[in-house]
Structures are given as structure tokens and as C-alpha cells.
Amino acid sequence: MGFFSLNKKNFSLNKSRKKYVTLTVESTEDQVEQKDTKHIDNKSTGLWVKCPHCQEILYKVDIEGNLKKCSHCDYYFEMTARERIALLIDEGTFKEEDSDLESVNPLNFPGYEEKNRKARNECDMREGAISGTGDLSGIRVSIAAMDFKFMGGSMGSVVGEKITRAMERGLKERIPVIVVATSGGARMHEGILSLMQMAKTSAAAEKLRMAGVPFIAVPVNPTTGGVTASFAMLGDIIVSEPKAMIGFAGKRVIEQTIKQKLPDEFQTSEFLQKSGMVDVITKREDMKNTLHTILSNLI
């Protein structure tokens, strides 16, 4: 690894006090007019977000039309699993596999079913990953993409199974495997069954290596915990996006443990590239072409 260099471009309480007060606020037209309307136009209000980096107000439609990037500072917003598939796979060629797999509650963890159901409705997915086959600029690949919006991208039994099957599919068909990882780590609701996915996915990655089938891991912002400690950092080539946070334990936890201040850029994709843990950093708009170039040199 490392032979690629792609640079495309606390109070006391007074118990005699009331618990609350009621205020009547009168608002005049003049006061309303004094509000900052800099970012309000004829588009529907309430459909905008603030960029966490430059604080600029952005309309969601504008972000979606710009590959989920801020048009002012190029900050990268999260992409859904389906958006990742659409970004990388040629239109009309993706065939989803294992879409019927759903999580159960093996430990009877309180509220797990409800959380899972809520995530399914909000993300329109049965689980936190999508997998299947398709063409990447004409090269047939087996691909899996995780979705951070689904319970923080946590890896439970089904997520681990879908990623493992994607690898096994690539092994069986002798086609390259691409896994886009974004996760807060193992899913605590499933206990040891969740942690077991680390070993399972890692074993599948090793089978690909031994068979000479290319495996490209694409950890994007954020990728942490057990996912980082398993398949996300086991690719033959590891590709990421600019300023992506990739790590195992949190920065503050590490600082409190070693009693040292860590660099500001610690756990960014750029820091990991300097440390030899990430091979290629590419802009989102160049990701597909970058992966095609790599695959063209591996197959």
C-alpha cells in the first residue's frame, strides 16, 4: 500500500418562587422587517440548513445539487447509502442484493425495536447498509455502502452480514469489492453479536486478499469504533475524502488516557495519509474516476 499518489487535482433553589412565568411578546411589522432576510428568497423557507463549518445558510436543494457539499466552503455533508451508490455506480446497472435482511432483538434490549422501526421509516431502508452489484465506469463490482443516518451507522448483525456477503459475492464472481464505510462503531443493542461482525468481516477481507480479488475500502466522515478496527482499514487500497474523521476511540478519550494534547488535525484523513494508513484522498466529485483508475491498475 502507498504506491498510489493521486492528487486530482451547579445553585440553590428558592422554593417560594414560581416554577415558570408567562411572557406576552408583541411583535410589530417593523420588528419583523428588521430580521435578517439575507438568505430568504422566493424558495420555501424551513428547507435550509446551516453549514457547521462556515455558518452559511444553505438551501437543502442546493446542497443536494452540489453532491452534498457547501457551495461556500466545500464542507462535506453526509451522503446516504443510496446517494453513495448513485455517485459511484453507472445508472441502471445496480442490482441490490439481500434487501430482505432485517435485525431482530436477540438480547431483548429495551426500546431496540422502536429505534429500529424509526430508523427504517426515516431512512427508507431495512438496515444501515445497502449492498449489491453494478458497474463502475464499465467495471463490474460488488459494492456495499453504509448509512450514518440509520442509528448512527452502527454495525449490527445485519450490517455485518450484508458487508460480508458483498465480499463473498466478489470472491465468488471474481470481481472487485468496494465498501463505503461510515459508522459510530458496533451496535451496543446486540452486544457480542455485534462485536462478532468485526471478526466476520475481517475474515472475509482476508479471503479476498488470499484469492487476489481487489478490495477497496472507502472510509468517509465519520468512521469510528469497531468498523475502523475491522474491514474499513483492511482494503488493498484505502480511499477517503478530504477532512474525513477516521479513528477508533474519540480524541478526548485518548488525550485523557495518555495525558497529552493531540494535534488539531488528528484523526483526519489527511493525518492518516501522512501516517501511512490511508492511501488516497480524493474529492467527492472525483471519487468515481479515482476508483476507476485504481481498479484499472489492479485487474
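Where is the place of Gln267? Gln267 sits in the loop between α8 (251-258) and α9 (269-274). Its relative accessible area is 9%, under the 20% cut-off, so Gln267 is buried. Beyond its neighbours within four places in sequence, Gln267 is in contact with Ala244, Met245, Ile246, Gly247, Phe248, Ala249, Gly250, Lys251, Ile254 and Leu272.

**Confidence**

This is a predicted model. The chain averages a pLDDT of 87. A score of at least 70 is reached by 85% of the residues. Residues 1-45 have a pLDDT below 50. Beyond near neighbours in sequence, that stretch has 31 contacts in the model. Where pLDDT is low, the predicted coordinates should not be read in detail.

**Aromatic pairs**

The whole structure holds 2 aromatic pairs. One joins Tyr75 and Phe77, with ring centres 5.1 Å apart. Their planes stand at 90 degrees, so the pair is edge-to-face. Tyr75 is partly exposed, at 28% relative accessible area. Phe77 is buried, at 15%.

Phe266 and Phe271 form an aromatic pair too. Their ring centres are 5.4 Å apart, the planes meet at 70 degrees, and the pair is edge-to-face. Phe266 is buried, with a relative accessible area of 19%. Phe271 is partly exposed, at 22%.

**Salt bridges**

How many salt bridges does the structure hold? There are 17. The table gives some of them.

| Salt bridge | Closest N to O distance |
|---|---|
| Glu285 and Lys69 | 2.7 Å |
| Arg140 and Glu173 | 2.8 Å |
| Glu161 and Arg165 | 2.8 Å |

Take Glu285 and Lys69, which form a salt bridge. Glu285 lies in the loop between β9 (280-281) and α10 (287-298), and Lys69 in the loop between α2 (60-64) and α3 (81-88), so the pair ties together parts that are 216 residues apart in sequence. Glu285 is partly exposed, at 34% relative accessibility. Lys69 is buried, at 6%.

Next come Arg140 and Glu173, whose side chains meet in a salt bridge. Arg140 belongs to strand β5 (residues 139-146) and Glu173 to helix α5 (residues 157-173). This pair links distant parts of the chain, 33 residues apart. Both ends are partly exposed: Arg140 has a relative accessible area of 36%, and Glu173 has 35%.

Glu161 and Arg165 both lie in helix α5. They are 4 residues apart, which means about one helical turn separates them. Glu161 is partly exposed, at 24% relative accessible area. Arg165 is partly exposed as well, at 29% relative accessibility. Salt bridges with shared partners join Asp98, Glu161, Arg165, Arg169 and Lys200 into one network.

Terms used:
Residues are numbered from 1 along each chain as its sequence is written. This is a predicted model: local features need pLDDT of at least 70, side-chain atom pairs count only at pLDDT 80 or more; totals for chains, interfaces and linings use all residues. Side-chain values use heavy atoms; hydrogens and water are left out. Helices (H or I, at least four residues) and strands (E, at least two) are DSSP runs, numbered from the N terminus. Buried means under 20% relative accessible area, exposed over 50%, partly exposed in between (1.4 Å probe, protein chains only). Contact means heavy atoms within 4.5 Å. pLDDT is the predictor's confidence in each residue, from 0 to 100. Rings of Phe, Tyr and Trp (its six-membered ring) pair if their centres lie within 6.5 Å; planes under 30 degrees apart count as stacked, over 60 as edge-to-face and the rest as tilted. A salt bridge is a side-chain nitrogen of Lys or Arg within 4 Å of a carboxyl oxygen of Asp or Glu.
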